[in-house]
Each structure stands twice: as structure tokens, then as C-alpha cells.
Amino acid sequence: MQATHFHELEDGRCRCDLCCRHCVIAPGEAGFCGVRALTDEGFVTLAVDRVVSAGVDPIEKKPLFHAHPGARIFSFAMAGCNLACPWCQNHTISQWPREHGLPFLPGERITPADLVARAVASGCRWIAATYTEPSVFFEYALEVARLARAAGLRNAWVTNGTIEKAPLAELIPLLDAANVDLKCYGDRAAEGILGIRSAHVGETIRALIDAGVSTEVTTCLVPGFNDAPDHLGKIVEFMASLGPAGIWHVSRYHPMYQWEAPPTELSSLAAAVTAGRAAGIPFIYVGNARIERGEDTACPSCDALLVSRCGYTVRACRVTPAGACPDCGAPIPGVWG
Ligand code: SF4
């Protein structure tokens, strides 16, 4: 299928404009993600209809804590990612196209219309593009989002935030919620490992928030990558700069793929939470680890308990449908009604 968001170069190659990598692709080759390629049929996306994962999750698993707590969300993915994080928990599907090469992707053949029909039949009110990086299957995910919106579903993306501004502008009117991975911030060594500019991810987060998309941010605290105090300080500083919209999930890393460091110490997670609170980030959650009240939502104004959680289970939610603390009236960002 013809891809969008690219332009032809004078020397016969194409430059992909979908994500911040801006791959320059020669005939017969694919970009870094392995999904977009220059073939005899032009600049194409291989992500046409092959879905590697489709099923129902608790919305807390995304994680989305400020979007209809306790809801179920129909989640789907296609193979491929524009990053190759050495600790990727989903590397078997995210790295598949890069490791296997052209010309096809794995997965079940499902059209966007059939996928949305499955989501509706599941009884979910939400649908999420997740597990891998949705922007590399942008055309498919956008069509799903259009059809889902028309069918009365709400759309969410779980993304690494590296999408370029033009495709993001196309997506935003269809998006209700997003969780953006902020893997690093302002640290050259970490950016070098990922091959991205972290400021770009920060700009995506701000653009989503400014557009009214309910936006949460996740940082997986990876020993030896982003847990040094000065680097963590920059991440915290960025999150604090989001003001009342700052919703930060700090999650525990476990050894996976090519990264062999031991799991994140609980003391490191606690230190990140303490630093975040001291900086004034209003909502901080701990993922993949049990820390006292680490999954609860408290009012940043009066400290009342608003949402009580245990794992993916929501015990109680007191946020008003209009998105306010019932005790003091402070606004709580998110999708509640
Ligand atoms: S979407 Fe893929 S091909 Fe396009 S710039 Fe990003 S990594 Fe390269």
C-alpha cells in the first residue's frame, strides 16, 4: 500500500517523514523500522492488514490511570518499531521486521473495519494501538481510529512519541488519550543508545496536552540507562514543567532482550517518586512494583484519595464525571465522564 508522509529525493531515493529518524531509503530497501520501504510499486508501507496482537486489556495495563478507571480497552498491534531499545519487553514483535527483512509482516489478516467490529463486539468503550510503535503502522492505525470514532469508541495510543508533527496533527483530532514513553531526557549518552532526540518526544507530549488529549507519561527506570541522579533530575524537571497536566508513571525494569542489568531497585523507584513529588509533579504512579499507595490517585490540592487501585483492579473512583475532586473541587485531568 502506498505510504503517506514521505518525499522523493532527486537521486531516486525517498526520505520518510513519519518519525524523527527521517530515514533516507534507497530502492529495494526499508527504513530503520523495516516497515516502510521503497519498492517497484513506490514508497510503500508493509503494514497493510497484518495484526500480531488483538485482545481486551484492563485500561490500567496501558497504563492509562486517568481514562475511565476500571474500563476495558481493546488493544491491537502490528509488527515493527522505529526504536530498538535493548530491554524491549515486546522485542519478538517490535523487532520482527528489522530482523526478518522485506517483504512481508507476520500476523493475522484483519482489515481496519473488521478490527473495529471486533472491538465493538467485545463490549469495550476504548480501543488502543499499543505493544509496538503505532506510528510505524500509521496509515492502518489512522483508519482504525477513524472507524472507531464513527462507531462510538474512544481512541488511545501508547507511543514512544517520536512521530513527526504533520502525522501527529492528522492523528490528534481522533485521539482521546495517550501514554507516551519518556525513556530519557536531555542526556546525550541515552539519546545515542536510542538514536533519537529526546526533546522531540517532549514536544510531542506538549502538543498532545495542548490539543486536549488526555496524556500520561511513562518512564521505565532502567539501571545503567536513565537512573543516574543527574539524568533522572532532567526527566523530573521536564515532567514538572507540564504543570497541572503532569501524570507520570515510573515503572520497574526487568531484564529482557539484550539488557542484563538486574531489576530496578525498589529504593530507586522510591527515590524517583520522592524527587518527582519534591519537584511538584501532581500525579505520580509506580508500575511493575508494589509501593504503598503507588497506584492510587490523590487530589494534588487537598490530598483526598480519589482512585484506589490494586494492580489492574480499581477498588473505588471518586473523581466526578466532570473531572473534579469531590471534596475540594480541584480539576483532575483525564477522561472521567
Ligand atoms: S517510520 Fe520507519 S522508515 Fe519512517 S523515518 Fe521512522 S524508522 Fe524510518
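Is Thr45 buried or exposed, judged by its C-beta neighbours inside 10 Å? With 25 such neighbours, Thr45 counts as buried, where a residue is called buried if 20 or more other C-beta atoms lie within 10 Å of its own, exposed if 12 or fewer, and partly exposed in between, the C-beta atoms being placed from the backbone. The structure is a predicted model, in which local features need pLDDT of at least 70 and side-chain atom pairs count only at pLDDT 80 or more, while totals for chains, interfaces and linings use all residues. Residues are numbered from 1 along each chain as its sequence is written.

Thr45 lies in strand 5 (residues 42–45); here helices (H or I, at least four residues) and strands (E, at least two) are DSSP runs, numbered from the N terminus. Leaving aside neighbours within four places in sequence, Thr45 is in contact with Met1, Ala3, Val35, Arg36 and Glu139, a contact being two residues whose C-beta atoms, placed from the backbone, lie within 7 Å. Pro27 is 18 residues from Thr45 in sequence, and the two are 14 Å apart in space, C-alpha to C-alpha.

The protein chain is assigned domain 1 (6–45), domain 2 (47–179) and domain 3 (182–295), with bounds that come from an automatic or database domain assignment. Between the C-alpha centres of domain 1 and domain 3 there is a separation of 32 Å.

Towards the start of the chain, His5 is found in the segment before strand 1 (6–8), and its phi is near 60°, a positive value in a residue other than glycine. His5 counts as partly exposed, because 19 C-beta neighbours lie inside 10 Å. Strand 1 belongs to an open sheet of three strands in the order 1-2-3, with antiparallel pairing, in which strand 1 and strand 3 (24–25) are the edge strands, each pairing on one side only. Two strands are taken to pair if DSSP finds at least two bridges between them. Strand 2 (residues 14–16) and strand 3 are joined in the antiparallel sense by two bridges, and Arg15 stands opposite Val24 in strand 3.

The loop between strand 7 (53–58) and strand 8 (72–77) holds Pro63, and the peptide bond leading from Lys62 to Pro63 is cis, with omega near -5°. Lys62 is also among the contacts of Ala156, which, apart from neighbours within four places in sequence, include Leu64, Ala67, Ile73 and Trp126. Ala156 is part of strand 11 (residues 154–159), a strand whose two faces are both covered, with Arg154, Ala156 and Val158 buried on one side and Asn155, Trp157 and Thr159 buried on the other. Strand 11 pairs in the parallel sense with strand 10 (residues 126–129) over four bridges, and the bridge partner of Ala128 in strand 11 is Ala156.

A nonpolar core is a set of buried Ala, Val, Leu, Ile, Met, Phe, Trp, Tyr and Cys residues joined through C-beta atoms within 7 Å. The largest such core has 101 residues, of which Met78, Trp126, Ile127, Val144 and Ala156 touch the most other members. Its largest share, eight residues, comes from helix 4 (residues 138–150). Apart from this core lies another, of seven residues, among them Cys299, Val319, Cys325 and Ile332.

Helix 7 (residues 198–210) has 13 residues and should span 18 Å at 1.5 Å a residue, which agrees with the 19 Å between its end C-alpha atoms; the expected span is 1.5 Å times one less than the number of residues. The buried residues of helix 7 are Ser198, Val201, Gly202, Thr204, Ile205, Leu208 and Ile209. These residues cover an arc of only 155° around the axis, and they are therefore on the same side of helix 7, the arc being that of the directions from the helix axis to the C-beta atoms. They pack against helix 5 (165–171), strand 12 (177–181), helix 6 (188–194), strand 13 (214–221) and helix 8 (229–241). Just after helix 7, Gly212 takes a positive phi of about 90°.

A second open sheet is formed by three strands in the order 16-17-18, again with antiparallel pairing, and its edge strands are strand 16 and strand 18 (313–317). Strand 17 and strand 18 are joined by four bridges, and Val307 has Cys317 as its bridge partner in strand 18. In the loop between strand 16 (297–298) and strand 17 (305–310) is Asp303, which has a positive phi of about 70° although it is not a glycine. Asp303 is exposed, with 11 other C-beta atoms within 10 Å.
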